[in-house]
Amino acid sequence: MSQRQVLQVFEQYQKSRTQFVQSIAELATRPQNLETLQNAGVMSLLRPLLLDVVPTIQQTAALALGRLANYSDDLAEAVVKGDILPQLVYSLAEQNRFYKKAAAFVLRAVAKHSPELAQAVVDCGALDALVISLEEFDPGVKEAAAWALGYIARHNGELSQAVVDAGAVPLLVLCVQEPEVALKRIAASSLSDIAKHSPELAQTVVDAGAIAHLAQMILNPDAKLKRQVFSALSQISKHSVDLAEMVVEAEIFPAVLGCLKDPDEYVRKNVATLMREIAKHTPELSQLIVNAGGVAAVIDYIGDCRGHVRLPGIMMLGYVAAHSENLAMAVIVSKGVPQLAICLSEEQEEHIKSATAWAFGQIGRHTPEHARAVAVANILPKLLALYMDTDSSEDLQVKAKKALKSILQKCTYLPALEPLLHEAPSNVLKHVVCQFSKVLPHDSKARRLFVTSGGLKKVQEIKADPGSALWEYITAINNCYPEEIVRYYSPGYSETLLERVEKYQPV
């Protein structure tokens with residue numbers, strides 16, 4: 001066999017390998033092929049090709065493995081069991097930038113499925129190799145490494161701490177400052193995934209100087225970048241007053257309020273989430289948002305959107321109102337109650353209804369004036385209906401009942417209370433009757449109206465155990481009227497009168 005023929009054999013072998021990996025990588029893009037590929041033992045066929053002498057074959061083999069692992073946790077587990085990860089980690093340090101990107105993709109594809117698979121990636125020494133890749137000159141390699149680190153960190157605090165201990169955070173903050181938008185996005189996303197688990201991890205991100213660099217990008221034209229920036233700032237803010245104050249001190253208000261009208265739904269949602277996470281901590285932080293025009297902006301926001309995107313806005317209004325009378329009044333004055341009433345009527349998701357009911361409770365629980373603002377919007381019958389509806393979830397029933405009770409205990413607006421006399425179950429009814437027993441002794445017009453509207457008659461029909469709180473409230477109401485009026489409206493009085501007519505002997 002001549003030298004030329006030998007070279008032809010080698011060339012043919014290389015072409016076959018190239019064709020094989022390219023075909024597998026192509027087939028792996030279609031989910032319907034994956035089970036067949038796995039059953040054919042494709043993992044064990046691709047593994048030796050990761051060490052092939054031809055770089056393009058190595059890269060394509062890694063890409064094919066990444067696509068397989070990305071599809072399901074079963075296939076990702078097969079990558080782990082096939083002892084492929086150590087080989088990838090070794091190659092990450094040695095090979096060219098194209099291979100590094102493909103290897104980081106495989107690590108990310110395995111890590112994304114579960115904490116156990118992410119731990120397997122950590123156990124094979126991937127973190128150090130990925131962190132070193134963050135210092136590569138090529139932005140694509142940095143992006144792939146940052147993405148993999150974020151997917152490892154997102155599962156739990158322990159994995160996130162492992163990423164921090166490997167020295168990733170300062171390098172991720174440097175990546176946020178790079179000119180490439182795609183790299184900025186992934187780095188911000190990874191910082192968000194690290195910060196979300198605990199105050200300590202969030203503090204690590206803050207100590208690396210992340211807040212200032214993230215805050216500079218809130219008005220960036222790229223929507224996907226803004227999503228990640230607001231997510232990261234939210235994950236930092238949520239843990240403590242100190243962290244929230246640090247985010248506020250980066251002078252993000254009032255600039256962020258304009259992003260509540262951003263064309264991108266997720267940008268809007270993440271801004272509302274950030275405002276919620278800041279507002280929940282203290283009255284001072286809530287007041288700062290109110291002073292910047294944040295409450296009115298969020299009320300407009302929940303009016304312009306539907307579904308799950310509304311939730312952070314609804315909760316933000318609830319947190320602001322919870323802190324004090326003045327802050328709750330700021331929500332009322334900004335027309336928050338009618339807008340929340342629309343949310344309660346329109347939304348079908350139970351958890352959104354629960355949040356809205358809770359927000360009403362926070363607004364109406366402060367003073368009679370606050371309770372009246374909620375009652376006038378006809379919210380009390382709606383809350384009662386949600387509480388009594390057997391199809392409502394337990395959480396919705398609890399939130400509706402609690403909100404109803406806290407509003408009723410302050411409500412002195414009797415026209416709104418009266419319908420509840422006829423509909424409320426006994427455990428709610430006692431709060432309704434209690435409010436009548438407080439108002440009627442001091443208001444003669446209300447006493448007259450209470451008789452003509454049928455309220456006094458209804459009260460006489462309520463069965464209460466002598467000595468109970470409800471019995472005492474009914475007694476207090478009855479003491480506001482002459483005895484014969486109370487008797488007249490008591491059940492059975494008409495029969496008593498008829499008996500007297502029958503027994504009466506005309507002279």
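The following paragraphs lead through three sites of a predicted model: a positive surface patch, a threonine in helix α18 and a glutamate in helix α17.

The surface patch is a convenient place to begin. Four lysines, Lys401, Lys402, Lys405 and Lys430, together form a positive patch on the surface. Helix α27, which spans residues 394-408, supplies the largest share of this patch, with 3 residues. Lys401 is one of the patch residues and is found in helix α27. Its relative accessible area is 33%. Because this value falls between the limits of 20% for buried and 50% for exposed residues, Lys401 is classed as partly exposed. Lys401 also passes the requirement of over 30% relative accessible area that applies to patch members.

Helix α18 offers a buried position. This helix covers residues 265-279, and Thr273 lies within it. Thr273 has a relative accessibility of 15% and therefore counts as buried, since the category takes in residues under 20%. The side chain of Thr273 also makes a polar contact: it reaches the backbone oxygen of Lys269 at a distance of 2.8 Å, where the cut-off for such a contact is 3.5 Å.

The last site belongs to helix α17, made up of residues 241-249, in which Glu249 is found. With a relative accessible area of 60%, Glu249 is exposed, because exposed residues are those over 50%. Glu249 can also be placed relative to Ala212: the two residues are separated by 37 residues in sequence, and their C-alpha atoms lie 9.4 Å apart in space.

Conventions
Residues numbered from 1 in each chain as written. Predicted model: local features only at pLDDT ≥ 70, side-chain atom pairs only at ≥ 80, totals over all residues. Heavy atoms only, no water. Patch = residues over 30% accessible without salt bridge, like charges linked within 9 Å, V, L, I, M, F, W, Y side chains within 5 Å. Areas by Shrake-Rupley, 256 points an atom, 1.4 Å probe, with all protein chains shown as cover. Salt bridge = Lys/Arg side-chain N within 4 Å of Asp/Glu carboxyl O. Lys, Arg positive; Asp, Glu negative; His and termini not counted. Charge placed at Lys NZ, Arg CZ, Asp CG, Glu CD. Helix = DSSP H or I, 4+ residues; strand = E, 2+ residues; numbered from the N terminus. Buried < 20%, exposed > 50% of the residue type's maximum accessible area, 1.4 Å probe, protein only. Polar contact = N/O pair within 3.5 Å; in protein donor to acceptor, adjacent residues only side chain to side chain.
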